[in-house]
Structures are given as C-alpha cells and as structure tokens.
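User: I am new to this structure and would be grateful for a close look at a single part of it, namely the salt bridges. Please explain which parts of the chain they join.

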Amino acid sequence: MSIETFELAPGYAISRVIRGGWQLAGGHGAVDEASVESDLLAYFEGGITTFDCADIYNGVEEKYGAFRETVRRRLGAEALSRLKIHTKFVPDLDVLPVIDKAYVRGVIERSLTRLHMERLDLVQFHWWDYAEPRCVETALWLEALRQEGLIDRVAATNFDTPHLEAMVEAGVPLTSLQVQYSLLDDRPAKTMAAACARLGVKLLCYGAIAGGFLSDRWLGAPDPGYDFENRSLVKYRLIIDEFGGWTLFQDLLAALQQIASRQGAGISAVAARWTLDQPQVAGVIVGARDRAHLERTLQIGAVRLTDDDRAALAAVLAQRRGPAGDVYALERDRTGRHGAIMKYNLSQPA
C-alpha cells in the first residue's frame with residue numbers, strides 16, 4: 001500500500017508519514033552532505049511528501065531549501081505544490097523575557113530565506129518556560145504574520161493542554177500540535193486528544209518509534225543503560241523507564257514482533273501504525289539521516305492492525321506505569337532527568 005495522505009486543513013494535504021529532519025543537523029552522527037538531496041528525493045518519490053524541520057536544527061532549513069529547488073527543477077511545479085515543509089519557531093530560553101515582534105519577524109524571515117519560500121507552509125511554535133508569561137502574545141504575533149501572508153498555517157509543538165487552549169481561545173487558529181506519542185508514551189491521550197478534538201487541532205507525532213528503540217534491533221537485547229552517542233537515544237531510554245522498565249519494554253517488543261511477522265513488516269512499522277490509529281492523529285514523523293531505512297518506513301503504509309492485534313498490545317500496555325502528567329511536563333523540569341539533557345539556547349541571531 002502507498003503512504004496515505006490527510007487533509008490537515010481545507011486544501012492543505014500532507015502525507016501521513018512525515019520525514020523528520022533533526023538527524024540532518026549532525027547531532028546523530030556524520031551526514032553525507034553529497035547525498036542529502038538524492039536521499040530526500042527518494043523519500044518524496046516514495047510517497048512521503050511532507051518534511052519536518054526547525055529553525056534551530058543546524059543547517060536543515062538550508063538543506064530543505066536546496067531540496068525544494070531540486071524538486072522544482074527536476075519534477076516541476078505540480079510536484080513542488082505537493083511538497084510540504086513544516087518548520088518551527090523556537091525562541092531561546094534566554095530570549096523569552098525580552099521577546100518582541102521584531103524578533104519573531106526576523107526569525108520567520110530568516111526561515112523564508114533559508115527555505116527559498118515566499119510563504120512558510122506551517123510554523124510550529126515552541127515555548128520553553130511557562131514561568132515566562134508571554135507565550136500567548138507571541139503566538140498572536142505569529143498569527144499576525146500569517147494574516148500578512150508570510151505563513152500559511154500556524155501550529156504549535158510540545159504545549160500542554162491548558163496552554164494550547166489559551167492560545168486558541170485568544171484567537172490563534174492552530175492547525176496542529178506536534179507531540180511525542182507512542183506505545184511507550186501515551187501522555188497525549190490523557191487530556192490533549194479530547195481538547196484537540198474540541199478545538200479542531202490535529203496531532204503530528206514524533207517519537208512513534210522512540211528513536212529506533214521500537215524496532216527489531218532491540219528485541220531480546222540486554223539493557224544498554226544510558227551511555228549513548230546522542231541525546232535523542234538517552235531521551236527515549238528514559239521514557240522506557242517511565243513506561244515500566246526494560247523487562248516490560250521487552251514484553252512489548254515481543255508482542256509487536258508477533259504482529260509484525262503476520263503483517264510481513266518490521267516492528268517499527270507496526271509501532272508507527274498504532275500511533276497513526278490514535279484519535280486526532282494526522283501523521284507520524286519518522287526521522288532519518290539517509291535513505292537506509294526508507295523501505296522500512298514505507299512499510300507503515302501497508303500495515304493494518306486487527307482487533308486481535310490491538311488487544312495483544314493493550315494487554316501489555318495495561319501493565320504500564322507511565323509516563324505521568326500532561327504533554328512534555330517531564331521535559332519542562334530542567335532539574336529533572338528528562339529536562340537536564342535538553343539544550344535551551346540553540347538559535348543563531350536572526
């Protein structure tokens with residue numbers, strides 16, 4: 001089966017599997033710069049027409065901008081019209097107390113330049129610290145830029161339920177919310193999904209395969225501890241602890257493997273399909289540094305879970321301990337295990 005599409009808003013269609021771009025920033029290992037555009041093109045021609053990045057992902061907006069030019073030149077205007085680039089607006093923690101309209105405009109204009117666009121497709125807004133009270137005001141500045149024509153769709157990422165509601169109620173027409181959501185992390189199901197249904201906001205989900213932990217590679221493997229080459233793997237290893245620990249995680253992988261073998265797919269494809277099937281979920285974001293995992297990513301389009309499959313997974317999930325709290329609550333505690341590994345000041349001057 002091909003990758004499904006979804007109308008995120010009237011006239012705005014995305015592929016339900018979205019190619020993530022964080023790995024292209026270099027923090028996950030060396031990037032073969034010479035093959036980036038051909039790798040991205042292989043994903044696009046495979047049916048993945050939506051790509052995710054951020055202003056703070058070092059060099060990725062520029063890579064996507066060059067990719068857009070490649071699509072235009074090789075495939076033409078119709079193909080370029082199907083290509084959607086989702087970026088983010090992530091003001092640094094140190095900027096939050098002094099943020100103003102000029103700063104917001106400067107970052108958005110910089111993204112336009114980097115991406116070779118006259119209007120950004122979708123901008124996902126993140127705010128590090130709720131103790132700094134101007135997140136709704138900042139979201140309204142983004143909405144003003146949308147009305148001006150610099151942005152097509154305003155969205156958000158990693159907000160909790162009350163702050164999402166506050167932005168929408170203040171007049172920011174959020175199209176989507178990017179959240180971490182997987183078999184290991186069901187925090188969006190607690191209050192967020194219902195709020196999104198009420199407000200007309202869809203979920204775009206990262207972490208659906210937990211940075212690769214939800215894959216055949218880890219089935220039967222001993223607990224690796226926390227010494228990894230990048231923060232992403234540490235982040236998801238900590239989520240496994242919150243979920244219930246390594247033994248329960250192995251039980252989940254075993255249940256996924258039985259389903260995967262019947263489906264003729266990998267564990268990661270089954271795990272991603274489970275997230276896609278959850279209420280309000282429009283798409284899952286699957287990161288990649290190159291095309292090595294393209295075939296396994298495309299398997300997501302073919303997987304269909306049966307009632308028995310869902311029951312087998314539910315039996316394991318019934319034993320989970322967490323994670324507790326609303327979306328991104330653990331990560332917002334900068335003194336805790338989850339927040340301490342984050343980097344909060346990654347922007348370059350606009």
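Analyst:
**Salt bridges across the chain**

In this predicted model, D186 and R320 form a salt bridge whose closest N and O atoms are 3.8 Å apart. The two residues belong to distant parts of the chain, 134 residues apart: D186 sits in the loop between β8 (176-180) and α7, and R320 in the loop between α12 (307-317) and α13 (329-332). Both D186 and R320 are buried.

This pair belongs to a wider set, for the structure holds 25 salt bridges. Another of them joins R273 to E4, with 2.6 Å from N to O. Here, too, distant parts of the chain are linked, since R273 lies in helix α10 (residues 267-276) and E4 in the segment before β1 (5-9), 269 residues apart. R273 counts as buried because its relative accessibility is 2%, and the cut-off for that term is under 20%. R273 and E4 also take part in a network of salt bridges that includes R16, D277 and R304.

A further salt bridge connects E165 with R198, where the closest N and O atoms are 2.5 Å apart. E165 is in helix α6 (residues 161-169) and R198 in helix α7 (residues 192-199), so this contact ties together parts that are 33 residues apart in sequence. R198 has a relative accessible area of 53% and is therefore exposed, whereas D186 and R320 are buried.

Technical notes
Residues numbered from 1 in each chain as written. Predicted model: local features only at pLDDT ≥ 70, side-chain atom pairs only at ≥ 80, totals over all residues. Heavy atoms only, no water. Salt bridge = Lys/Arg side-chain N within 4 Å of Asp/Glu carboxyl O. Helix = DSSP H or I, 4+ residues; strand = E, 2+ residues; numbered from the N terminus. Buried < 20%, exposed > 50% of the residue type's maximum accessible area, 1.4 Å probe, protein only.
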